[in-house]
Amino acid sequence: MTRMTQPVRTPAITRADRKTTDDLDGGLTVSPADPGKRLWHFFISMRTGLALMLGLAVLGFIGTLLVQADPGLQGDRQAYAVWLETVRPKYGGWTGVFDALGLFSVFSSIWFRGIVVLLTMSLLACSVNRAPRLWKRAVHPRTNMSETFFAHAPLRASIATAADPGTALAEVQTAFRARHFRTIVNHDGDTIHLYADRFRWGPFGTVIAHLSLTLILAGALIGTAWGFRNNSLAVPVGSRVEVGYGTGMSIEAKSFTDSYYTNGSPSDFASDLVLYMDGVQVIAQTVRVNEPLRAGDVTFYQSFYGAAAVMTVADPTGRVVFDRGVPLEWATSDDKYRVGQIILPDAGLTAYVVGATSGEVDPRIKPGQMQIEVYRSGLEGEPIATEIISQGQPANIAELDFTFVRERQFTGLIVARDPGAVFVWIGAGLLVSGISLVFLFPGRRAWARIQRRPNGSSIQVGAIVRHDVTFRPDFQHLVDDIELALTGSSPT
Amino acid sequence: MFKMSQYSFIAGVISIGLALGCYVLAIVAARLARRRMVMTGAGGGGTIAVGRRGASNVAAYGTLLAYLGLVFISASILFRTIASGRGPFANMYEFTVAFAWGIVVMYVYFVRRYRQPALGLIALPIALALLLYAMTIPSAIDPLGPALQNNLLLSIHVAVAIVAYGTFSISFAAAILHLTGGETGRRGLPGRELLDEISYKAVVIGFPFLTLTIVLGAVWAEVAWARYWSWDPKETASLVTWLIYGSYLHARVIRGWRGQRAAWLLVVGFGAVLFTYFGNLFFGGLHSYSGLS
Ligand code: HEM
């Protein structure tokens with residue numbers, strides 16, 4: 001008695017039926033004349049969304065294939081030109097082309113930014129377009145469907161029964177309710193319309209997912225606009241260093257330990273840090289590779305380490321003008337020497353402290369020695385004085401007394417403030433929840449129409465299936481149950 | 001324990017290899033049966049039935065062997081975890097075995113659910129290739145460098161990725177069958193409608209897991225490298241993968257993109273998965289923990 005048609009795929013439905021199923025398809029077929037509307041339709045079109053996502057994927061792919069210039073090189077034309085020469089052997093004649101197209105910094109290129117902006121607009125437009133309709137669909141769904149719908153719905157069945165319409169309705173409702181569907185009944189003269197849905201809030205997951213993406217992008221933007229980042233804050237053990245960037249913070253390293261496995265590979269790096277805010281101690285914490293120190297939205301990470309020279313400098317009157325560890329944080333290009341810097345603003349001088357790289361045996365600068373080179377601040381060229389000094393023996397260089405007190409380590413920190421990160425994390429959480437919501441709770445909708453017939457009643461059931469493919473077998477079972485209850489025979 | 005792990009591994013490789021052999025045999029038998037049907041005409045019904053049943057029996061043995069393979073590989077990973085005292089996800093060997101495991105788990109799940117061992121014709125060779133590749137790379141248990149010591153986060157990050165990659169390999173298998181088979185599944189293959197469904201179901205599981213993988217990766221990057229996103233090539237490659245599967249989800253509801261074109265997106269997507277996975281070997285970057293460089 002049942003006529004359970006094989007599912008027909010959506011293209012088979014005519015335009016008119018699409019309308020009756022209050023379908024939310026972004027793929028519009030008519031293009032209006034009004035340019036504003038055209039633009040709107042451009043942004044809410046799924047094809048636009050698809051093109052933008054694929055465009056972004058292509059740029060990302062380029063970004064993984066081509067060597068990318070360090071973001072720090074941006075704005076430094078000279079350094080960038082030097083860098084470009086280092087990749088020229090690799091890309092040959094293409095180097096100029098790639099450079100002109102911005103492909104060596106794809107993720108800050110005009111293409112990338114353009115697509116991200118369009119994508120954001122498209123995501124917002126889609127959400128604005130869909131959310132009210134989803135709301136309406138969840139709260140005031142359309143209950144009555146026409147003959148055409150039941151004749152063409154992708155999932156459909158018709159059952160003839162000897163039962164009266166009231167009994168038929170009760171059985172249909174029971175079958176839907178057993179599957180946790182909500183049902184709404186609407187009597188329209190002799191015809192009974194029934195609407196049933198399940199997980200009607202599920203589709204809002206798409207809106208959450210789309211909006212959370214814009215939140216993530218906004219967070220990234222806020223981070224770049226109002227955050228800061230210092231990739232190399234070297235703090236000699238026993239010294240305190242200003243953090244800068246208007247934080248009013250300074251950080252002191254009490255100790256630094258590096259540990260190794262027996263095979264020589266590193267096992268742990270740890271710094272005991274003390275953080276001061278406007279000179280007052282606020283936090284003391286051991287910082288490791290995976291355990292940063294967080295103070296508000298400023299975070300300190302363990303990043304690198306090296307040797308430091310504790311130096312004192314006294315002026316001719318004997319007043320000590322410098323007394324601190326100097327991190328030897330730069331290496332010479334041959335990697336034989338490590339270099340640190342002392343700035344002496346009162347004297348208008350800059351001194352470089354040069355030591356042999358640990359493990360290197362250098363004939364000039366021996367262990368326990370440092371070479372001091374003094375320059376006039378701001379002037380390049382020859383040093384005004386250069387001397388090698390030994391630990392604990394003061395030496396008069398450029399009329400100042402320099403003492404190399406002893407060698408210590410410094411710990412290298414990354415300091416970053418990212419006021420946008422919180423939005424990124426909220427967005428990421430919402431993104432995962434939204435996507436899970438869509439897929440774990442796929443919204444399902446079905447309609448039924450019950451009509452009195454001379455020898456009982458006829459029941460038509462129809463449903464649309466768009467993504468949620470498992471609805472198809474479930475629908476079949478539902479129809480079987482109704483059939484069984486009303487006719488006492490289960491169809492094959 | 002380490003030895004046990006190695007023995008289970010070998011047993012797993014053999015089981016998967018035999019499973020694959022059974023499937024190939026089943027397909028050949030089915031085709032022969034069909035040819036016989038053509039030759040003998042309508043009167044050859046008996047022969048066909050025998051031929052068909054023989055083929056499906058062989059396929060059933062194949063599926064059993066795939067289960068067995070799963071058990072062995074799981075045991076191998078378990079023994080290794082006990083031997084090393086940490087999550088089994090810290091070098092290229094471990095990633096590779098885990099990837100193969102993910103494919104076999106998902107294959108078993110989908111074959112139980114849809115009864116389409118033809119998927120195994122594509123999915124199992126990938127798993128087998130990964131296992132054989134794992135045999136060629138160093139498998140010693142080395143201590144972890146500082147950045148990898150955040151064990152829980154690392155383990156979850158990789159485990160989640162493995163689920164995503166496993167399901168994507170199933171959608172890839174279905175897409176390949178879709179592109180090579182006919183409308184109703186020529187050559188004893190499942191029909192397109194069903195393959196579409198399988199692909200989509202696989203992506204529906206994989207996509208949230210891939211999203212979670214990237215988010216967890218960002219959390220970890222924030223903790224270990226001071227930055228949730230740094231356009232590291234591996235990160236970027238996983239984003240590209242994510243975008244392709246995202247495109248697929250949208251393409252599926254656009255007229256003109258369903259079916260064939262969507263299947264191509266799944267093929268490209270799986271290409272991106274492999275690129276992300278093996279990317280370590282050629283693009284270095286912060287993720288260069290493979291232990292091979
Ligand atoms: C990276 C970007 C995007 C992601 C991750 C994303 C994610 C998703 C997900 C997970 C779904 C559910 C798919 C399903 O149920 O099978 C979805 C549906 C949808 N997305 Fe997106 N989306 C993105 C961009 C866009 C854009 C730019 C648009 C606007 C043109 C858009 C419009 C839609 C629409 C209209 C649906 C509902 C499809 C339907 O139910 O018919 N998406 N999106």
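Two strands count as paired if DSSP finds at least two bridges between them. Strands here are DSSP runs (E, at least two residues) and helices are too (H or I, at least four), numbered from the N terminus. You're looking at a predicted model, where local features need pLDDT of at least 70, side-chain atom pairs count only at pLDDT 80 or more, and totals for chains, interfaces and linings use all residues. Residues are numbered from 1 along each chain as its sequence is written, and side-chain values use heavy atoms, leaving out hydrogens and water.

**Stop one: the sheet**

Select strand 6 and strand 7 (residues 249-260) of chain A: three bridges join them, and they run antiparallel. Click A:Arg240, then its bridge partner in strand 7, A:Glu252.

Now add the other strands: the open sheet has four in chain A, in the order 6-7-8-9, with antiparallel pairing. Strand 6 (240-242) and strand 9 (280-288) of chain A are the edges, each pairing on one side only. On average, neighbouring strands are turned by 25° against each other, direction ignored (axes are lines fitted to C-alpha atoms; angles run from 0 to 180 degrees between N-to-C directions).

**Stop two: the nonpolar patch**

Next, show A:Leu39, A:Phe42, A:Val117, A:Leu118 and A:Met121 as a surface: they make a nonpolar patch of about 430 Å². Patch residues have over 30% relative accessible area (Shrake-Rupley, 1.4 Å probe) and no salt bridge (Lys or Arg side-chain nitrogen within 4 Å of an Asp or Glu carboxyl oxygen), with nonpolar side chains joined within 5 Å and like charges within 9 Å.

Helix 2 (35-44) and helix 6 (110-139) of chain A each give two or more residues, and helix 6 has the largest share, three.

Finish on A:Met121, in helix 6 of chain A. Is A:Met121 buried, partly exposed or exposed? A:Met121 counts as partly exposed because its relative accessibility is 39%, between buried (under 20%) and exposed (over 50%).

Notes: Chains are lettered from A and ligands numbered from 1 in the order in which they are written. Buried means under 20% relative accessible area, exposed over 50%, partly exposed in between (1.4 Å probe, protein chains only).
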